[in-house]
Amino acid sequence: AAPLLQVSGLAKHFRVKAGLFGHATVKAVDGLNFHIRQGETYALVGESGCGKSTTGRALLRLTEPTAGAAMFDGRDIFKLSGGQLREWRRDAQMVFQDPLSSLDPKRRIAYSVEEPLIIHKVGDAAQRRKRVAELLERVGLSREHLSRFPHEFSGGQRQRIGIAKALALQPRLIICDEPVSALDVSIQSQILNLLMDLQSEHGLAYLFIAHDLGVVRHVADRIGVMYLGHIVEEADTDTLFSEPRHPYTQSLLASIPPAHPRLKTPRPILAGDIPSPMNPPSGCVFRTRCPHAMPRCAREAPPVRQLSPTQRVACHLFD
Ligand code: SF4
Ligand code: MG
């Protein structure tokens, strides 16, 4: 079957002021290719500034891409306008790292969850109230929570409300942008389990954005590892963890904290910071931090090699 979403050549470049009179181009996202199937979780993982959130925002048309296409149901979502764009904004929803950013602090949560139904003119007032109560119940809250305000909830409860709101319009794709990064570890798995249960109930596709491979290990079907605007490796989750090929993937895996924090202190393997996307390295974008960098890596950007039907890597070691 054709994928639900097929992203080709997605790029987002910004012009920014640099120095006194000059400008520079920041290539936040620089030619991404990936797809997501119905009912599948595809994770984009990388350090902050790698372009993963920009990718999510571009797909929701919260920022306009510079180039590329994103086919969904035979239509390029980057070309939609008017009624078709409104339809896309029902089909695709976002769950944010900080649910407070999608909940109005001055509104009772019954209203916040109902708001998308009002905007998209779904049902009458009584039908909407019923739907809101069902949604809250489904995410583990009760009717007595309906009249409360966002500040009266814990972080985990607020994320449950954010998820209820994202579900209101029965989307087919949900972009989860670091949905558990702000939560205690004990709460994280509850929220991840809720997301997984909802996925199988509704056949949802997730684009799951995270900075940590450990978080996506148990939720992702496939993973794209991002560095400075590029997917440097992509594989199904088992392969990525058992046979990581790209030096960056290998160092990300080495820095995952062990399951029991007191057993061993994780050793930071990656030296140095991500270079500025305003002034990325020539050739391979990872070369300034790569333990295997060769002279050729400074001259030529590595081509993408398909190592198996489910694994591809962009690194000269595999030419
Ligand atoms: Fe390292 Fe070169 Fe591979 Fe880049 S292309 S990851 S610098 S070995
Ligand atoms: Mg981010």
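Here's a quick tour of this structure, from its sheet to its core, one of its helices and its ligand. Keep in mind that the model is predicted. Its eight-stranded sheet is open, with mixed pairing, and the largest nonpolar core has 77 residues. Ligand 1 has a shell of 13 residues around it.

**The sheet**

- If you walk across the sheet, you meet the strands in the order E6-E7-E8-E3-E9-E10-E12-E11.
- The walk starts and ends at the edge strands, E6 (92-95) and E11 (304-308), and each of these pairs on one side only.
- On average, neighbouring strands in this sheet are turned by 20° against each other, ignoring direction.
- At the E6 end, E6 pairs with strand E7 (residues 173-177) in the parallel sense, over four bridges.
- To spot that pairing, look for methionine 94, which stands opposite isoleucine 175 in E7.

**Strand E3 and its partners**

- Strand E3 covers residues 41-45, and because five of the five are buried, the strand is largely enclosed by the rest of the structure.
- Its side chains are split between two directions: Thr41, Ala43 and Val45 point one way, while Tyr42 and Leu44 point the other way.
- E3 has a parallel pairing with E8 over five bridges, and another parallel pairing with strand E9 (residues 222-227) over four bridges.
- Valine 45 is a handy landmark here, since you'll find it opposite alanine 210 in E8 and also opposite valine 225 in E9.

**The nonpolar core**

- Which members of the largest nonpolar core touch the most other members? They are Phe208 and Val216.
- Strand E8 (residues 205-210) gives the most to this core, putting in six residues.
- Leaving out residues up to four places away in sequence, phenylalanine 208 touches Thr41, Tyr42, Ala43, Cys176, Val216, Val219 and Ala220.

**Helix H3**

- Helix H3 runs over residues 109-119, and its buried residues are Ile109, Ser112, Val113, Glu114, Pro116 and Leu117.
- Helix H4 (125-138) and helix H5 (155-167) are among the parts that cover those buried residues.
- Just past the end of H3, lysine 121 has a positive phi of about 55°.

**Around ligand 1**

- The closest of the residues surrounding ligand 1 are Cys284, Arg287, Cys290, Cys297 and Cys315.
- What kinds of residues make up the shell around ligand 1? Ten are nonpolar, two are polar and one is charged.

Methods. Residues numbered from 1 in each chain as written. Chains lettered and ligands numbered in written order. Predicted model: local features only at pLDDT ≥ 70, side-chain atom pairs only at ≥ 80, totals over all residues. Near = placed C-beta within 6 Å. Nonpolar A, V, L, I, M, F, W, Y, C, P; charged D, E, K, R; others polar. Core = buried A, V, L, I, M, F, W, Y, C linked by C-beta atoms within 7 Å. Buried ≥ 20, exposed ≤ 12 C-beta atoms within 10 Å, placed from the backbone. Contact = placed C-beta atoms within 7 Å. Pairing = 2+ DSSP bridges. Axes fitted to C-alpha atoms, helices over the stretch in contact; angles between N-to-C directions.
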